[in-house]
Protein chains: 2
Amino acid sequence: MSQHYSSVLLEKAVGEFAKLPGIGRKTAMRLVLHLLRQDTERVDAFSQSISTLKHEVKYCRVCHNISDTDICQLCANPARDASTVCVVENIRDVMAVENTQQFRGLYHVLGGVISPMDGIGPSDLQIDSLVERVKSGVVKEVILALSPTMEGDTTNFYIFRKLAPYPDVKITLIARGIAMGDELEYADEVTLGRSIANRTVFTGTL
Amino acid sequence: MSQHYSSVLLEKAVGEFAKLPGIGRKTAMRLVLHLLRQDTERVDAFSQSISTLKHEVKYCRVCHNISDTDICQLCANPARDASTVCVVENIRDVMAVENTQQFRGLYHVLGGVISPMDGIGPSDLQIDSLVERVKSGVVKEVILALSPTMEGDTTNFYIFRKLAPYPDVKITLIARGIAMGDELEYADEVTLGRSIANRTVFTGTL
């Protein structure tokens, strides 16, 4: 249904917001009218934040994580364990792992997973630079932390083969099993089977 | 939960998006990373559209609708019936009525409804300018098209009293009744009672 905009400027702004994923024209209108009610400084801060990010953002030369500097804060931090590298699909996954506060090593952001359906092959990902990092000799363990999907596993196998020439480097996979709070009866057979096969010794505490 | 951003620029942009209504930090992150994947021109177009709108937008001197010019396209259109003025709460309501293609008159955008709870009194709304428009003598009918809420009805009564000195001007209210597709048994008593009291002659067509 065509909307009747009384302002071309309004129509343009709504059109731009409506291009964002998951934002329809009604939501776009609501967001634009909300911004229009704010002070000019607030609107300019909003507008500039995204423009500045796009123009000035860098990606870490080592791990390809998003960064304000050539080497990201994580890679530059001497307190982090450089011998353990956690391979993740994207920036959000770095944050997800960081939020667990369970990992003190470094990351390697692939920038996606191998997905022939989407035309994404190994050369589109930061796999060669991962091999280079491993080759340098500092890395003792590579943790593969990709999503347990067809594409994630394809990528896991590919990296595994690529790292085969370096047998001193341990390659590990994040545990797969029943997620906290999940009902056992609704778990799929593969997950449940694997969670039994990979059972851990219960010491009386969790 | 605090997020671990590896880029201050990213954190700022996500923070700005997260200030929008109905956008949480996770959605904000998704939107910002989506924009980051676009071309620089696309991001600049997005950023500029909202900034330009805020800096250059005008409100129609006559009906207070959003406009690119001093007098909006609707008020400036000689094909519209200037003797009928439809009073609405906001810009979105103008669009909603326009989308019905059932109305050929002009609008008057109040900019809200009387709501003592939110500290909005009659002087915060474009009611005086409505009275001025009526006083000018061109207007023959004022259609009150506010939402049938406590605040909407308070505003309806207030406008009705303000327009009492102009008995030649007909004041009408949009019909209240059962919405298309609604189940009768779930309608509230007030709506159902009113829809019976205000029944219309059925001519064999709808």
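How many residues does helix α7 of chain A have, and how far does the helix reach from its first C-alpha to its last? The first legend below takes this up; please keep in mind throughout that the structure is a predicted model.

**View 1. Helix α7 of chain A, from end to end.** This helix covers residues 150-162, which makes 13 residues. From the first C-alpha to the last, α7(A) reaches 18 Å, close to the 18 Å expected at 1.5 Å a residue.

**View 2. The buried and exposed residues of α7(A).** Let us stay with this helix and turn to its side chains. A:Gly152, A:Thr155, A:Asn156 and A:Ile159 are buried. Looking down the axis of α7(A), you will find these buried residues within an arc of 105°, so they line one face of the helix. A:Met150, A:Phe157 and A:Arg161, on the other side of α7(A), are exposed. What do the buried residues of α7(A) pack against? Their partners in chain A are β3 (81-88), α6 (128-135), β5 (141-144) and β6 (170-173).

**View 3. A stacked pair of rings, A:Phe17 and A:Phe46.** Over all chains, the structure holds seven aromatic pairs. In the pair shown here, the ring centres of A:Phe17 and A:Phe46 are 6.0 Å apart and the planes meet at 15°; an angle under 30 degrees counts as stacked, so this pair is stacked. The two residues come from distant parts of the chain, 29 residues apart: A:Phe17 sits in helix α1 (residues 8-18) of chain A, and A:Phe46 in helix α3 (residues 40-56) of chain A. Are these rings buried or exposed? A:Phe17 is buried, with a relative accessible area of 0%, and A:Phe46 is buried with a value of 0%.

**View 4. A tilted pair between the chains, A:Phe46 and B:Phe46.** Here A:Phe46 meets B:Phe46 at 6.4 Å centre to centre, with 50° between the planes, and the pair is tilted. The pair crosses from helix α3 of chain A to helix α3 (residues 40-56) of chain B. B:Phe46 is buried, with a relative accessible area of 1%. If you widen the view a little, ring pairs link A:Phe17, A:Phe46, B:Phe17 and B:Phe46 into a cluster.

**View 5. The axis that relates chain A and chain B.** A turn of 180° and a shift of 0.0 Å along the axis lay chain B on chain A with an RMSD of 0.1 Å. That is the relation of a two-fold axis. Which residue of chain B has the C-alpha nearest the axis? The answer is B:Ser47, 2.4 Å from the axis. The same surface serves both copies, as 100% of the contact residues of chain B recur in chain A.

**View 6. Two loop residues with positive phi, A:His64 and A:Gln101.** Backbone angles close the set. A:His64 has a phi near 65°, a positive value in a residue other than glycine. A:His64 is placed in the loop between β1 (58-59) and β2 (66-67) of chain A. With a relative accessible area of 15%, A:His64 is buried. A:Gln101 is not a glycine either, yet its phi is positive at about 55°. The loop that holds A:Gln101 runs between α5 (91-100) and β4 (105-109) of chain A. A:Gln101 counts as exposed, at 61% relative accessibility.

Conventions
Residues are numbered from 1 along each chain as its sequence is written. Chains are lettered from A and ligands numbered from 1 in the order in which they are written. This is a predicted model: local features need pLDDT of at least 70, side-chain atom pairs count only at pLDDT 80 or more; totals for chains, interfaces and linings use all residues. Side-chain values use heavy atoms; hydrogens and water are left out. Copies are superposed by least squares on the C-alpha atoms of residues with pLDDT of at least 70 in both. Contact means heavy atoms within 4.5 Å. Rings of Phe, Tyr and Trp (its six-membered ring) pair if their centres lie within 6.5 Å; planes under 30 degrees apart count as stacked, over 60 as edge-to-face and the rest as tilted. Helices (H or I, at least four residues) and strands (E, at least two) are DSSP runs, numbered from the N terminus. Buried means under 20% relative accessible area, exposed over 50%, partly exposed in between (1.4 Å probe, protein chains only). The expected span of a helix is 1.5 Å times one less than its number of residues. The arc is that of the directions from the helix axis to the C-beta atoms.
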